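Biologist: I am new to this structure. Please choose one part, look at it closely, and say how it sits in the whole.

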Amino acid sequence: MIDLITALLPNVCVIMVFAYILTRTRFFNEILEQRFTRQNRLILILVCGLFSIYGTIGGMEILGGIANIRDLGPAIAGLLAGPVVGVAAGLIGGFHRFFMGGFTAVPCTVATIIAGFLGGIIFLLRKKKIPSVYTAAGFAAGMEVLHMGLVLLLSRPYDEAVAIVRAITIPMIAANALGLGIFFFIVTNLISELKTRSEKNMIEGELRGAREIQMSIVPRIYPAFPDLDKIDLCAKLVPAKEVGGDLYDYYLLDENKNELFFMVGDVSDKGVPASLFMIITMTLFKANAAAGADLTKIVERVNNQLAEDNTSNMFVTLFCGVMNIASGEIRYVNAGHNPPLIIRRDQQPEFVASTGDLVMGAMPGIDYHSKTMTLHPGDTLLIYTDGITEAFNPAQELFSEQRLIKAARGINALSASQGVDSIHDAVTRFAAGATQSDDLTLLLLRYKPEPEQG
C-alpha cells in the first residue's frame, strides 16, 4: 500500500503543474468569471478529458486493475462548469479506459462519467460557486468510495474485485482527495489574487481621479495674471502619493485688482484624508477672504471652522498674505509654517520673520498675529513646504534650508516659472532617485522691476 501511494504521488505533482498552467490561461479566467461560451466549454472538456486519460496512463496496474487519478479530470470539469461539461470530459476519459479492457473496465468507465456528473451537480447546488478546498477533497474521497463500490457491484469474478478494492482503496482515496484539494487550493488562491488585483486597480483608478480633481483645484495657469505688469507669480505642487495634503492658492480680492491674496499650506496627514482637508481649507479661505478685511480675522475664522468637529485631529501649517500690488506691501500670517525666503535685489536670500502663530485646525479660539514686509521692484518671495527642505537623498541627508538658500541665489534673474523649476530641479538632483517622502510645493512671487527708460 505504501508503494502504491508513493507511485501515485508523482501524479499529484503533475496536478499542481497542470493547475498552475491552466489557471494562468485566458479561457480559465473566463470560466471563473462565469462567462461561459461554446469555445471555452469545449476547451475545458478537452483539457479535462485529456487529463483524465493521463490519469489512467500514469496509474499503476495491480491485480488486473489500475490505481489512478482518472476521475479528477471530469470532477474538475463538473465542479467548474456544470454537469454537461463534466459528463463530456468523463466520456473522454471513460471511453479511453473502457477500450483498455480488463475485468474492471465497465465500473471504472461508469465511475469516471459519474465523477463529472456529480461534480456538475455540486456546481449547481452551490449556485455556480467555486468549492472550497475541503469540499473538493471531501468530494474526491467520496467519489473514490463510490468508485470502489461500483467495482464490487459490477466486476466479476467477485473475489478478484474484493482483492483489488482492498489493495487500492486507501491509495486511490488519498491520491484523488489530495489532488483535487491541491487543484482547488490553487484556484482559490487565484481568485483571491484576481480579487485583490481588481480592488487595487479600482482604488488606483479612483486615486487617479482624485488626483485630477485635486490638481484641477489649485491654479496652474502661467502667467497667473498676464494683465498685471507689476507681479510675476508661479506655483508648483508635486504630491508624494496619488493625492496629497499640500496646498497653494492665489487670487485677486477686488475688481480693481489692487489686492492679491496668496497662501501655501501643508496638512498634517497624507493621502485622501489630507487632500479632503486641503480642499476644505482652500474653500474656507475663498469664502472668508475679502478686500480690505483684516487678515488675522480671516485666519481666525477659518481656524475656528476647521477646528469645529475635527474628529480626525488633522491640522494645517499655513503661510498666507495679502499684497498691495501698487506699493508692494505684504501683510502676512505664518501659522506654524516654514519661514519663506525673501530674495532682495542684489542681496543674499534671507528668511522672513515669523509671526509665531500656531497651526490651524488644531483648536478653536486662537488669536493670530500679522506682520508686514514690502517687496521692492526686482525682489522675490519664495514660499515652500517642508517637503522641499526635508527631501532625502540615498545617503539619508536632508536638502536643508542651507541648500535652499544656495539654490535661491540668482533666482531674481529668472522668471517666476523658471525660478520654480530651478528650485524643483535642485531638489530632484539632490534626491538622486530616492523615493519622494513628502509632498513638494513652491510658490514664487516676483515684484517686477521698473522698466528701464531709454
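Modeller: Of the 454 residues in the protein, 50% are buried, where buried means under 20% relative accessible area, exposed means over 50%, and partly exposed is in between (1.4 Å probe, protein chains only). This is a predicted model, in which local features need pLDDT of at least 70 and side-chain atom pairs count only at pLDDT 80 or more, while totals for chains, interfaces and linings use all residues. Residues are numbered from 1 along each chain as its sequence is written, and side-chain values use heavy atoms, with hydrogens and water left out.

First, the whole. The protein has 13 helices and 12 strands; helices (H or I, at least four residues) and strands (E, at least two) are DSSP runs, numbered from the N terminus. Its C-alpha atoms fill a box of roughly 120 × 40 × 40 Å along the principal axes. The radius of gyration is 37 Å, whereas a compact globule of 454 residues would have one near 22 Å; the radius is taken over C-alpha atoms, and the globule rule is 2.2 Å times the number of residues to the power 0.38. Of the contacts between residues at least 6 apart in sequence, 74% join residues at least 24 apart, a contact being heavy atoms within 4.5 Å.

The part I choose is the set of paired strands. Two strands count as paired if DSSP finds at least two bridges between them.

Start with strand 5 (residues 259–267), in which 8 of the 9 residues are buried. Strand 4 (residues 246–252) runs antiparallel to strand 5, with 7 bridges between them. One of the bridge pairs is L252 with L260 of strand 5. These two strands form a hairpin with 6 residues between them, and K257 in its turn has a positive phi of about 60 degrees.

Strand 5 also pairs with strand 6 (residues 316–324), antiparallel and over 9 bridges. Here D266 has T317 of strand 6 as its bridge partner. From strand 6 the pairing goes on to strand 7 (residues 329–335), again antiparallel, with 6 bridges. F319 is matched with N334 of strand 7. Strand 6 and strand 7 make a hairpin with 4 residues between the strands, where G328 takes a positive phi near 85 degrees. In strand 7, 5 of the 7 residues are buried, so this strand is largely enclosed by the rest of the structure. Strand 7 in turn is joined to strand 10 by 4 antiparallel bridges, with I330 opposite M373 of strand 10 as a bridge pair. As a general point, side chains in a regular strand alternate between the two faces of the sheet.

Strand 10 (371–374) leads on to strand 11 (380–384), and D379 is found in the loop between the two. D379 has 2% relative accessibility, which means that it counts as buried. Its side chain makes a polar contact of 2.9 Å with that of R344; a polar contact is a pair of N or O atoms within 3.5 Å, and within protein one must be able to donate a hydrogen and the other to accept it, with residues adjacent in sequence counting only if both atoms are side-chain atoms. Leaving aside neighbours within four places in sequence, D379 also touches residues including I343, T374, N412, L445 and Y447.

Strand 11 belongs to an open sheet of 5 strands in the order 3-12-11-8-9, with antiparallel pairing. Strand 3 (231–238) and strand 9 (350–351) are at its edges with a single partner strand each, so one side of each has no neighbour in the sheet. Strand 3 pairs with strand 12 (residues 440–447) in the antiparallel sense over 8 bridges, and V238 stands opposite L440 of strand 12. Helix 13 (residues 416–431) packs on this sheet, touching strand 3, strand 11 and strand 12, and its direction makes about 30 degrees with that of strand 3. Axes are lines fitted to C-alpha atoms, for helices over the stretch in contact, and angles run from 0 to 180 degrees between N-to-C directions.

Lastly, a point outside the strands for comparison. I203 lies in helix 8 (residues 158–217). With 44% relative accessibility, I203 counts as partly exposed. Between I203 and T104, which are 99 residues apart in sequence, the C-alpha to C-alpha distance is 56 Å.
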